[in-house]
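Please open the model in your viewer and keep the selection panel at hand. The tour below goes from stop to stop, saying at each one what to select and what is there.

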Amino acid sequence: MDCGRCGTPLEKPGDYCLTCNTANCDTVVVVFERARAELTMLDEEDVIGETTVTTIPEDGDESRVVELRNFAGLVADEVRRKRPEEVYAAGDRDVLREARAQLHHEFFRVAGENPVERVLERRGERALEVVETPPREKLGGTHSTLIGGRKGRRAIGVVAGHPHVKKIIPGPIDASGKGSRTSLRAKVTRADGNGNVRLLLRDGSSVQENRVVTTAMDTETGEFVRDDLNDALREAELQDGA
């Protein structure tokens, strides 16, 4: 492929041209699998190229962490060479999360079985816009008390730290449940029609339902946020049995 402006040959489709300082694609769509990532480069309504990045997953815990980081880094490098305005992604959440952490471009989740077609259909719409507000500033509402002490605050912090969460509104505490010795557990419930979810905290006999406002626009995209949040809570060891 040659640069659309000056005609200089590009090493890979959609690469940014260093000769005339021109971007040759405005969007990259990445579909992640655990062992491979398919990148599709778009320029407005046109698909101008595809690139595949692969890895061999490791078995050991430490080796797996390094391999996952390196795999995500290769994907991030491919995106950087394009210098796109937007990056859309779908697929394996572990790789997606690691790649997102290594990129500084605008990053959006895209739902659907055919992510590239979905992006082309919804050009001009922002799918799951990233929120830049610091996590500590996302907590609001009339109820300021959180159950679970330090663990409760940690669960709220995990949710508030998600890039597609706009605001968390703590709800009243219901202490009428049956007593339990189980430590605090957290779970994010199914998204409503507006893409918002609820963070359910349980601590002994107390239950608190906290409203979570997201950047999702419907149930389908809200479910992507819910899956991400439950994964994060599970990794923080706050969800088993929730």
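**Stop one: a strand end**

Select Thr214, which lies in strand β10 (residues 206-214); here helices (H or I, at least four residues) and strands (E, at least two) are DSSP runs, numbered from the N terminus. Before going further, note that this is a predicted model, in which local features need pLDDT of at least 70 and side-chain atom pairs count only at pLDDT 80 or more, while totals for chains, interfaces and linings use all residues. Residues are numbered from 1 along each chain as its sequence is written, and side-chain values use heavy atoms, with hydrogens and water left out.

Thr214 has a relative accessible area of 3% and is therefore buried, where buried means under 20% relative accessible area, exposed over 50% and partly exposed in between (1.4 Å probe, protein chains only). Add Lys166 to the selection: although Thr214 and Lys166 are 48 residues apart along the chain, their C-alpha atoms are separated by 5.2 Å. Not counting residues up to four places away in sequence, Thr214 touches His164, Val165, Lys166, Gly195, Asn196, Val197 and Val225, contact meaning heavy atoms within 4.5 Å.

**Stop two: the whole chain**

Zoom out to the protein chain, whose secondary structure comes to five helices and ten strands. The C-alpha trace spans about 70 × 40 × 30 Å along its principal axes, and of the 242 residues 45% count as buried. Among the contacts with a separation of 6 or more, 60% are between residues 24 or more positions apart.

**Stop three: helix α1 and its cover**

Select residues 61-82, which form helix α1. The 22 residues of α1 reach 32 Å from the first C-alpha to the last, close to the 32 Å expected at 1.5 Å a residue; the expected span is 1.5 Å times one less than the number of residues. The buried residues of α1 are Glu67, Leu68, Phe71, Ala72, Gly73, Val75, Ala76, Glu78, Val79 and Lys82, and what covers them includes β1 (27-32), β2 (36-43), β3 (46-54), β4 (86-91) and α2.

Now pick out Glu67 within α1: Glu67 counts as buried because its relative accessibility is 8%. Leaving aside neighbours within four places in sequence, Glu67 is in contact with Arg34, Thr55, Ile56, Pro57 and Glu58. At the other end of the helix, α1 is followed by Arg83, whose phi is positive, near 50 degrees.

**Stop four: α1 against α2**

Add helix α2 (residues 93-102), which packs with α1 at an angle of about 60 degrees, the axes being 8 Å apart. Axes are lines fitted to C-alpha atoms, for helices over the stretch in contact, and angles run from 0 to 180 degrees between N-to-C directions. The two helices α1 and α2 are therefore oblique to each other, given that angles under 35 degrees count as roughly parallel, over 145 as roughly antiparallel, 65 to 115 as roughly perpendicular and the rest as oblique.

Which residues of α1 and α2 meet? Arg64, Leu68, Arg69, Phe71, Ala72, Gly73, Ala76 and Arg80 in α1 meet Asp94, Val95, Glu98, Ala99 and Gln102 in α2. By class, the residues of this contact of α1 with α2 are six nonpolar, two polar and five charged, where Ala, Val, Leu, Ile, Met, Phe, Trp, Tyr, Cys and Pro count as nonpolar, Asp, Glu, Lys and Arg as charged, and the others, Gly among them, as polar.

**Stop five: two partners of α5**

Keep α2 and add helix α5 (residues 219-235), which packs with α2 at an angle of about 90 degrees, with axes 11 Å apart; α2 and α5 are therefore roughly perpendicular to each other. The contact is made by Arg93, Asp94, Arg97 and Arg100 of α2 and by Asp227, Asp228, Asp231 and Glu235 of α5, and the residues divide into no nonpolar, no polar and eight charged.

Then hide α2 and show helix α4 (residues 149-160), whose axis comes within 9 Å of that of α5 and crosses it at roughly 140 degrees. Ala155, Val158 and Val159 in α4 meet Leu229, Ala232 and Leu233 in α5, a contact with six nonpolar, no polar and no charged residues.
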